[in-house]
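Subject: Structure handover and notes

Dear colleague,

I am passing the structure below on to you, together with some notes on what came out of going through it. Please read the notes with the structure open beside them.

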Amino acid sequence: MANSSNKKTVEKNRGVLSVHLYIILGFNILFLIVRGGIYFDSFGGWSLALYCLTALLLSFCYNSLRGFARPTYNLSGQLVDGGHDLTSGGMVEYYKDVIYLSLLAITLAMKSDLGYLVLLIIPLFALVKLWTLVLAPWIFAAPPEDEVMDEKTRKRMEKKQRQAQQPRYRSR
């Protein structure tokens, strides 16, 4: 049986998804009206290809958000889990950021195709995250320090080393 927090999460997620859907559709319709109608002479093959790639990126991010927010129901139709809260952080925030950058690129591309250069922020951010979280700590990691041994353990280790260096003879 679902508690009230799961039901609230489902309702909140529906609201967030509907707002994002209307924003995405509004910007795309506005772009097609302005670029396809007013600036039709500069709306060529490259412009259409870049717009289609941006629209695919928007579609992927929105559908990923929908996947995060998908609630789980049991066989009798009762709500079991409300899905991931779309107002929390984590990967959801990255998908939202990509949506906002894509909308900014579409807005700037209404006047010129150079507006799509805003999308280069996404791979640059990914490289910065890769460097700061994976590569730099791995490359610049301090060498492991020798363990500090107490006196008894140190003497035992020295004795084992001396015994290992002594030649062994077999007696008959």
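What follows is an account of the helix packing, then of a few single residues, and lastly of the cysteines.

Please keep in mind throughout that this is a predicted model, and that every value below was computed from its atoms.

Helix 3 is a convenient place to begin. Its partner helix 1, which spans residues 4–38, has an axis that comes within 10 Å of the axis of helix 3 (residues 91–108), and the two cross at roughly 20°. An angle under 35 degrees counts as roughly parallel, and helix 1 and helix 3 are therefore described as roughly parallel to each other. The crossing of this pair is left-handed. From helix 1 the contact draws on Val16, His20, Ile23, Ile24, Phe27, Asn28 and Phe31, while helix 3 supplies Lys96, Ile99, Tyr100, Leu103, Ile106 and Thr107. Sorted by class, the residues of this contact are nine nonpolar, three polar and one charged.

The packing of helix 2 (45–69) against helix 3 has another geometry, with an angle of about 155° and axes that lie 9 Å apart. Since angles over 145 degrees count as roughly antiparallel, helix 2 is roughly antiparallel to helix 3. Here too the crossing is left-handed. On the side of helix 2 the residues in contact are Tyr51, Thr54, Leu57, Leu58, Phe60, Cys61, Tyr62, Ser64, Leu65 and Phe68, and on the side of helix 3 they are Met91, Val92, Tyr95, Lys96, Val98, Ile99, Ser102, Leu103 and Ile106. This contact divides into 15 nonpolar, three polar and one charged residues.

Helix 4, made up of residues 121–139, packs against helix 3 at an angle of about 150°, with the two axes 11 Å apart. Helix 3 and helix 4 are therefore also roughly antiparallel to each other. In this contact Tyr94, Val98 and Leu101 of helix 3 meet Ile121, Ile122, Phe125 and Lys129 of helix 4, and by class there are six nonpolar residues, no polar ones and one charged.

Turning to single residues, Ser102 is placed in helix 3 and counts as buried, with a relative accessibility of 0%. When neighbours within four places in sequence are left aside, Ser102 is in contact with Thr54, Leu57, Leu58 and Leu119. Ser102 and Ile24 are 78 residues apart in sequence, yet their C-alpha atoms are 9.4 Å apart in space.

Two residues of helix 4 may also be worth a look. Ile122 is found in helix 4 and counts as partly exposed, at 26% relative accessibility; apart from residues up to four places away in sequence, Ile122 touches Leu57, Val98 and Leu101. Between the C-alpha atoms of Ile122 and Gln165, which are 43 residues apart along the chain, the separation is 60 Å. Ala136, which lies in helix 4 as well, is buried, with a relative accessible area of 14%. Beyond its neighbours within four places in sequence, Ala136 is in contact with Trp131 and Ala141, whereas Ala136 and Thr9, which are 127 residues apart in sequence, are 38 Å apart from C-alpha to C-alpha.

Outside the helices, Pro71 sits in the loop between helix 2 and strand 1 (72–73), where Pro71 counts as partly exposed at 24% relative accessibility. Not counting residues up to four places away in sequence, Pro71 touches Val10, Leu79, Asp81, Gly82 and Gly83. Its C-alpha atom is 23 Å from that of Asp97, a residue 26 places away in sequence.

Finally, how many disulfides does a search of the whole structure find? The search finds zero. Cys52 is in no disulfide, and the nearest cysteine sulfur, which belongs to Cys61, is 16 Å away. Why does Cys61 not form such a bond either? The closest cysteine sulfur to that of Cys61 is the one in Cys52, and 16 Å is too far for a bond, because a disulfide requires the two sulfur atoms to be within 2.5 Å. The two cysteines can also be described by their accessibility: Cys52 is partly exposed, with a relative accessible area of 38%, and Cys61 is buried, with a value of 2%.

With best regards

Methods: Residues are numbered from 1 along each chain as its sequence is written. This is a predicted model: local features need pLDDT of at least 70, side-chain atom pairs count only at pLDDT 80 or more; totals for chains, interfaces and linings use all residues. Side-chain values use heavy atoms; hydrogens and water are left out. Buried means under 20% relative accessible area, exposed over 50%, partly exposed in between (1.4 Å probe, protein chains only). Axes are lines fitted to C-alpha atoms, for helices over the stretch in contact, and angles run from 0 to 180 degrees between N-to-C directions. Helices (H or I, at least four residues) and strands (E, at least two) are DSSP runs, numbered from the N terminus. Angles under 35 degrees count as roughly parallel, over 145 as roughly antiparallel, 65 to 115 as roughly perpendicular and the rest as oblique. A crossing is left-handed if the near helix is turned anticlockwise from the far one by less than a right angle, and right-handed if clockwise. Contact means heavy atoms within 4.5 Å. Ala, Val, Leu, Ile, Met, Phe, Trp, Tyr, Cys and Pro count as nonpolar, Asp, Glu, Lys and Arg as charged, and the others, Gly among them, as polar.
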